[in-house]
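Reader: I have a structure to look at, and I would like to go through it step by step. Could we begin once it is on the page?

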2 protein chains.
Amino acid sequence: MRRKALVDAAMRVIGDHGSLTVTMSEIAKQAGVSPALAHHYFGSKEQLLIETVRTHLQRLRDNTVTALRAAKTPRGKLSAVIRVSFQADQFAPETIAAWLAFYAEAQRSEETRRFLVIYARRLRSNLLANLKALCPREDAERIAEGAAAMIDGLYIRQSLRSAPISIEASIALTEDYINTLLALLSRKAAFQKDI
Amino acid sequence: MRRKALVDAAMRVIGDHGSLTVTMSEIAKQAGVSPALAHHYFGSKEQLLIETVRTHLQRLRDNTVTALRAAKTPRGKLSAVIRVSFQADQFAPETIAAWLAFYAEAQRSEETRRFLVIYARRLRSNLLANLKALCPREDAERIAEGAAAMIDGLYIRQSLRSAPISIEASIALTEDYINTLLALLSRKAAFQKDI
DNA sequence: TTTTGTTGATTGATCAGTCAATCAAAAATA
DNA sequence: TATTTTTGATTGACTGATCAATCAACAAAA
């Protein structure tokens with residue numbers, strides 16, 4: 001399918017280029033077709049780019065679904081979500097460039113923003129669903145929001161190479177956040193029971 | 001000074017536009033001068049943009065220094081750093097647009113990346129310095145890294161309007177992260193002493 | 001024959017950067 | 001002080017390059 005080839009090419013060019021400021025010619029050349037054909041299939045550059053964002057998030061979603069299926073316990077599923085977020089392919093230069101470019105683009109394109117909101121909600125909700133099995137609802141909501149933010153923040157710091165820690169350490173930090181908050185909650189619960 | 005006026009204009013145009021894809025003409029018009037003058041002062045568009053990033057981070061730094069001076073205790077200084085990060089002006093549309101655009105630009109411009117790395121290090125080190133007064137060094141490093149990432153992540157989620165919580169709740173979440181980890185550490189310390 | 005895929009050539013617009021010319025104010029000179 | 005000279009600020013007009021988008025024509029499949 002030509003559409004798929006063009007979207008793949010777009011992703012590669014965005015990665016090389018490090019931004020969404022890419023030309024239809026570059027994308028078409030990368031895909032081995034004429035620029036006119038890219039217009040034929042997508043109507044405009046913006047539509048091609050939006051399709052690229054969608055595909056990008058779809059791929060992450062598929063990885064997450066697979067990882068969630070493989071894990072059996074709620075705690076295991078939490079780890080699976082974290083692991084996927086820091087998976088090696090998320091740090092491929094073109095993936096990093098795409099993410100950051102999409103964040104910026106969301107300020108201008110409502111459609112791009114909607115996709116990223118969906119990603120953010122999905123991350124939060126995957127965490128929340130499994131946390132609810134381990135602690136009360138209100139606590140689960142707090143922890144899910146904090147963990148999701150921490151994941152995004154650690155990802156950006158890794159992407160900028162501004163974090164003095166490894167990817168494994170980033171995973172450990174997120175796991176530790178969840179473990180610690182859950183541990184403290186169960187102590188409080190035990191304390192309540194004692195009274 | 002014309003340079004300053006042009007940098008201010010650039011910031012405003014970037015905000016309106018929602019990205020770094022702005023023209024010298026727009027910036028010059030916003031500043032009320034001719035496009036040729038902008039070139040006269042900055043040599044190139046890239047230099048003007050880099051100067052704009054620098055000014056942007058300088059402003060945040062000044063705010064932080066002031067807030068740190070006002071706080072007296074280490075714990076108070078931690079709260080001050082958090083408060084500044086979520087200060088109202090950080091969520092002005094042009095500030096949000098600038099931050100996200102700069103993150104994306106860092107993939108292409110080594111100089112922009114360097115500035116953002118400096119910001120990330122500064123945030124971490126402000127947290128670390130005060131945490132060291134409250135817990136052992138290794139723990140302080142872990143907590144500082146986690147808190148810095150959480151701040152960045154929460155900021156992005158607020159910027160995209162993908163967080164279902166208020167700015168105040170974001171601040172509370174970060175405070176809670178620090179409080180909880182410190183609390184657990186002091187309990188462990190007490191437990192060690194008992195043995 | 002009709003439909004679908006594909007291209008080369010072209011257009012119209014946008015933009016960064018240049019340059020020669022103008023103007024004002026400061027500095028040097030008489 | 002009065003004058004000339006120099007310097008820096010400022011602009012309008014222009015250029016060369018780039019690019020999204022269009023379209024008519026051609027090829028291949030149905």
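Reader: Which residues line the second largest cavity?

Author: This is a predicted model, and the second largest cavity in it has a volume of about 110 Å³. By class, its lining is made up of seven nonpolar, two polar and one charged residues. The residues in question are Leu60(A), Ser85(A), Gln90(A), Trp99(A), Tyr103(A), Tyr119(A), Ile151(A), Asp152(A), Tyr155(A) and Ile156(A).

Reader: Which helix gives the most to the lining of the second largest cavity?

Author: Two elements of chain A give two or more residues to this lining, namely helix 6 (93-105) and helix 8 (137-159). The one that gives the most, with four residues, is helix 8 of chain A.

Reader: What volume does the largest cavity have?

Author: Searching the whole structure turns up four cavities of 30 Å³ or more. The largest is lined by 18 residues, and those closest to its centre are Leu60(B), Ser85(B), Trp99(B), Tyr119(B) and Leu123(B). Its lining has eleven nonpolar, four polar and three charged residues, and its volume is about 240 Å³.

Reader: How far is a polar side-chain atom of His39(A) from a phosphate oxygen of DNA strand D?

Author: Of the atoms of DNA strand D that come within 4 Å of the protein, sugar and phosphate account for 71%. A polar backbone atom of Met24(A) is 3.0 Å from a phosphate oxygen of this strand, and a polar side-chain atom of Tyr41(B) also lies 3.0 Å from a phosphate oxygen of DNA strand D. For the polar side-chain atom of His39(A), the distance to a phosphate oxygen of the strand is 3.0 Å.

Definitions and conventions
Residues are numbered from 1 along each chain as its sequence is written. Chains are lettered from A and ligands numbered from 1 in the order in which they are written. This is a predicted model: local features need pLDDT of at least 70, side-chain atom pairs count only at pLDDT 80 or more; totals for chains, interfaces and linings use all residues. Side-chain values use heavy atoms; hydrogens and water are left out. A residue is near a molecule or strand if one of its heavy atoms lies within 4 Å of it. A polar contact is a pair of N or O atoms within 3.5 Å; within protein, one must be able to donate a hydrogen and the other to accept it, and residues adjacent in sequence count only if both atoms are side-chain atoms. On a 1 Å grid over the protein atoms alone, a cavity is a set of points where a 1.4 Å probe fits but cannot get out, and a pocket is an open set with protein on both sides within 12 Å along at least five of seven lines; lining residues have an atom within 4 Å of a point. Grid points are joined across faces, edges and corners, and a volume is the space filled by probe spheres set on the points. Ala, Val, Leu, Ile, Met, Phe, Trp, Tyr, Cys and Pro count as nonpolar, Asp, Glu, Lys and Arg as charged, and the others, Gly among them, as polar.
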